[in-house]
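Open the model in a viewer and keep the selection tool at hand. The tour below goes from stop to stop.

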Amino acid sequence: MSKITVNENVCKGCSLCVEFCPKHIMKLGEKVNAAGYNTAKCTDESACIGCGFCYTVCPDCAITVGEEKL
């Protein structure tokens with residue numbers, strides 16, 4: 001299973017990850033970071049296929065995709 005991590009300090013809420021996620025599990029959350037942006041989050045990690053689209057399109061390198069450690 002893949003795990004998506006969003007660095008909330010770096011995310012600027014551009015929502016490119018939301019637009020490009022083929023499983024539609026990324027969204028902008030209600031949490032606001034120190035810079036005043038609503039940050040991205042994964043709504044269902046169990047549905048993540050680990051495609052890396054969110055990581056690839058993020059202009060701020062705020063997203064990492066990796067395997068969840070058991």
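Is Ala 35 buried or exposed? The model is a predicted one, and in it Ala 35 is exposed, with a relative accessible area of 54%.

**Stop 1: a loop**

Select Ala 35 in the loop between strand 2 (26-32) and strand 3. Then add Gly 13, which is 22 residues from Ala 35 in sequence. A C-alpha to C-alpha distance drawn between Ala 35 and Gly 13 comes to 10 Å.

**Stop 2: strand 1**

Move to Ser 2, which lies in strand 1. Ser 2 has a relative accessible area of 8% and is therefore buried. Show what surrounds this residue: apart from residues up to four places away in sequence, Ser 2 touches Glu 45, Cys 48, Ile 49, Gly 50, Val 65, Gly 66 and Glu 67.

**Stop 3: the nonpolar core**

Next, select Ile 4, Val 6, Cys 17, Met 26, Ala 40 and Ile 63 together. In the largest nonpolar core, which has 14 residues, these six touch the most other members. Strand 1 (2-6) and strand 3 (38-42) are the elements that give two or more residues to this core.

Keep Cys 17 from that selection. Cys 17 is buried, at 6% relative accessible area. With neighbours within four places in sequence left aside, its contacts are Met 26, Ala 40, Cys 54, Val 57 and Ile 63.

**Stop 4: helix 2**

From Cys 17, go on to Val 57, found in helix 2 (residues 53-57). Val 57 is partly exposed, with a relative accessibility of 22%. Residues up to four places away in sequence not counted, Val 57 touches Leu 16, Cys 17 and Phe 20. For a distance check, pick the C-alpha atoms of Val 57 and Leu 28: they are separated by 15 Å, and the two residues are 29 apart along the chain.

**Stop 5: the cysteines**

How many disulfides are there? The count comes to zero. Select Cys 14 to see one case: this residue is in no disulfide, and the nearest cysteine sulfur, that of Cys 58, is 5.9 Å away. Cys 14 is partly exposed, at 37% relative accessibility.

Why does Cys 17 not form a bond with Cys 14? The closest cysteine sulfur to that of Cys 17 is the one in Cys 14, and at 6.2 Å it is too far for a bond, because a disulfide needs the two sulfur atoms within 2.5 Å.

**Stop 6: the cavities**

Turn on a cavity display if the viewer has one. Rolling a probe the size of a water molecule over the atoms shows where empty space is left. There are two cavities of 30 Å³ or more in the structure.

The largest cavity holds about 80 Å³ of space. Its lining is made up of 14 residues, and Ile 4, Cys 21, Cys 48, Cys 51 and Cys 54 lie nearest the centre. By class, eleven of the lining residues are nonpolar, two polar and one charged.

What is the volume of the second largest cavity? It is about 70 Å³. To see the walls of this second cavity, select Cys 11, Lys 12, Gly 13, Cys 14, Ser 15, Leu 16, Cys 17, Ala 40, Cys 58, Asp 60, Ala 62 and Ile 63. Eight nonpolar, two polar and two charged residues make up the lining of the second largest cavity. Gly 13 from the first stop is one of them, as are Cys 14 and Cys 17 from the cysteine stop.

Methods. Residues are numbered from 1 along each chain as its sequence is written. This is a predicted model: local features need pLDDT of at least 70, side-chain atom pairs count only at pLDDT 80 or more; totals for chains, interfaces and linings use all residues. Side-chain values use heavy atoms; hydrogens and water are left out. Buried means under 20% relative accessible area, exposed over 50%, partly exposed in between (1.4 Å probe, protein chains only). Helices (H or I, at least four residues) and strands (E, at least two) are DSSP runs, numbered from the N terminus. Contact means heavy atoms within 4.5 Å. A nonpolar core is a set of buried Ala, Val, Leu, Ile, Met, Phe, Trp, Tyr and Cys residues joined through side-chain atoms within 4.5 Å. On a 1 Å grid over the protein atoms alone, a cavity is a set of points where a 1.4 Å probe fits but cannot get out, and a pocket is an open set with protein on both sides within 12 Å along at least five of seven lines; lining residues have an atom within 4 Å of a point. Grid points are joined across faces, edges and corners, and a volume is the space filled by probe spheres set on the points. Ala, Val, Leu, Ile, Met, Phe, Trp, Tyr, Cys and Pro count as nonpolar, Asp, Glu, Lys and Arg as charged, and the others, Gly among them, as polar.
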